[in-house]
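Subject: Structure handover

Hi,

Here is the structure for your files. My notes follow below it.

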Amino acid sequence: MTNALQFNPIGEGASLKSLSDSRFKTMRVSVNMLVPLTEKTAAAYALLPSLVSRATRQYPDYTALNCRLSELYGASLSSSVRKFGNFQSIGLSASGIADRYAFGGENMLEELSSLLFSVIFSPLQDAQGFFPLDGFTQEKRQLLEMKDAEYNDKMTYAHQRCEEILFQGQQAGINRCGSRADIEALKREGLLAAWEELLRTARFEIFTLGDCAPNPALFREKFGAMGLSRPLGQVPYREPGEVRRVTEEQPLSQSKLSMGFRLDAKPRERMLFQLMSAVLGGTPSSRLFQNVREKMGLCYYCSSSFSSVGNALYVESGVETANLEKTEEAVLEQLQALQRGEVTEEDLTFAKLALCNALHSVRDSLGAVENWYLSRTFDQPEQSPDMAAEQLMGYKVQDVIEAANRLRLDTVYRLKGNGGD
């Protein structure tokens, strides 16, 4: 049996959201801490979730913690660092089997929650009161390696640079993990204080998902007096001035083009702009794919993506260096054609079907369910995937045209290859 998402306020700065679904053989309990993105704290907060989940006072080393996870029928701990507009989201999760598969009759949700509470409230400290040096060193190295991997993935790097320029001077322009220099400068002596500050100032979004039925009192006891009641919302719209153009060169055989558009979308319009983006460049039947990539052959890929929390749309392409300017012109021509009304009912139907298929697949994964409702915290917290699909199907061609006419080009970032490998 599948139930609707249940909302349980458990404190001024914390809420519990639960979805009981017996289709799953597993369950997941997650604690997400939302804080404003700042250059001062982004790197430290990005390092902390993986660091605290290495060991606790109750399970003081890797072996002891993993032994406990094995006792819980192969349960798992995971951490995440996400970005939603002006906010950084620090997440810790515990996943395991449903009660009906536990041979010993354990209440698996309580057991998993207890383990997660141990990670959050009793992380391991050494005799000096710091996080252990070996764990700090390893997690810092892995975070730096992740930054290097993002830099080496030029599609990711170009998007991040475009976003950074688009939101220059705003919190949304800060990388979710801070800069490489900020990570390198981290010292373990200040991290325990940073963790305590995070727990004191975050807004807590807690989820229990899957085949389980939570006891809100358990979470109210732990989180009822914690956190701050932070107002959440989309990045405020700023009318673009002159288009900002930035070109960087690297020894690459393929160049990258990333174009950032601002738009003034209201929370209830998330699915409208999602649909408009799909028609423009979000599916194989879209204008950008069919024309810029297939007919004109100007690029290896060309697609658009919409950020509801960021109030932004991105168009990104991988192109031959000689085709950078032609591709930019072609993208704008396709957008202008959409703005003029050159879109058919068939175009709209294909886009709706593609989006509805994605919406219907959200419930197939507990991680996807959590990501759905966590992102909706910023605009439409009670909108389910089914509700979104129903809203989506109600839009007309004219709605999409009007949405396209609200796009304003702000940023053009070009990562120009100069013939290297």
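The accessible surface of the protein is about 18,300 Å² (Shrake-Rupley method, 1.4 Å probe). Carbon and sulfur atoms hold 50% of that surface. Of the 421 residues, 55% are buried (under 20% relative accessible area, 1.4 Å probe, protein chains only).

A word on provenance. This is a predicted model, where local features need pLDDT of at least 70, side-chain atom pairs count only at pLDDT 80 or more, and totals for chains, interfaces and linings use all residues. Residues are numbered from 1 along each chain as its sequence is written, and side-chain values use heavy atoms, without hydrogens and water.

Overall fold: 15 helices and 11 strands (DSSP runs; helices are H or I with at least four residues, strands are E with at least two). The radius of gyration, over C-alpha atoms, is 23 Å. The globule rule (2.2 Å times the number of residues to the power 0.38) gives 22 Å for 421 residues, so the protein is as compact as a globular protein of that length. Its C-alpha atoms fill a box of roughly 60 × 50 × 35 Å along the principal axes.

One helix pair to look at: α3 (residues 108-121) and α8 (residues 216-223). Their axes lie 12 Å apart, at an angle of about 10 degrees. The two are therefore roughly parallel (angles under 35 degrees). α3 brings E110, S113, F117, I120 and F121 to the contact (heavy atoms within 4.5 Å). α8 brings L218, F219, K222 and F223. The contact residues divide into six nonpolar, one polar and two charged.

Best regards

Note on methods: Axes are lines fitted to C-alpha atoms, for helices over the stretch in contact, and angles run from 0 to 180 degrees between N-to-C directions. Angles under 35 degrees count as roughly parallel, over 145 as roughly antiparallel, 65 to 115 as roughly perpendicular and the rest as oblique. Ala, Val, Leu, Ile, Met, Phe, Trp, Tyr, Cys and Pro count as nonpolar, Asp, Glu, Lys and Arg as charged, and the others, Gly among them, as polar. Buried means under 20% relative accessible area, exposed over 50%, partly exposed in between (1.4 Å probe, protein chains only).
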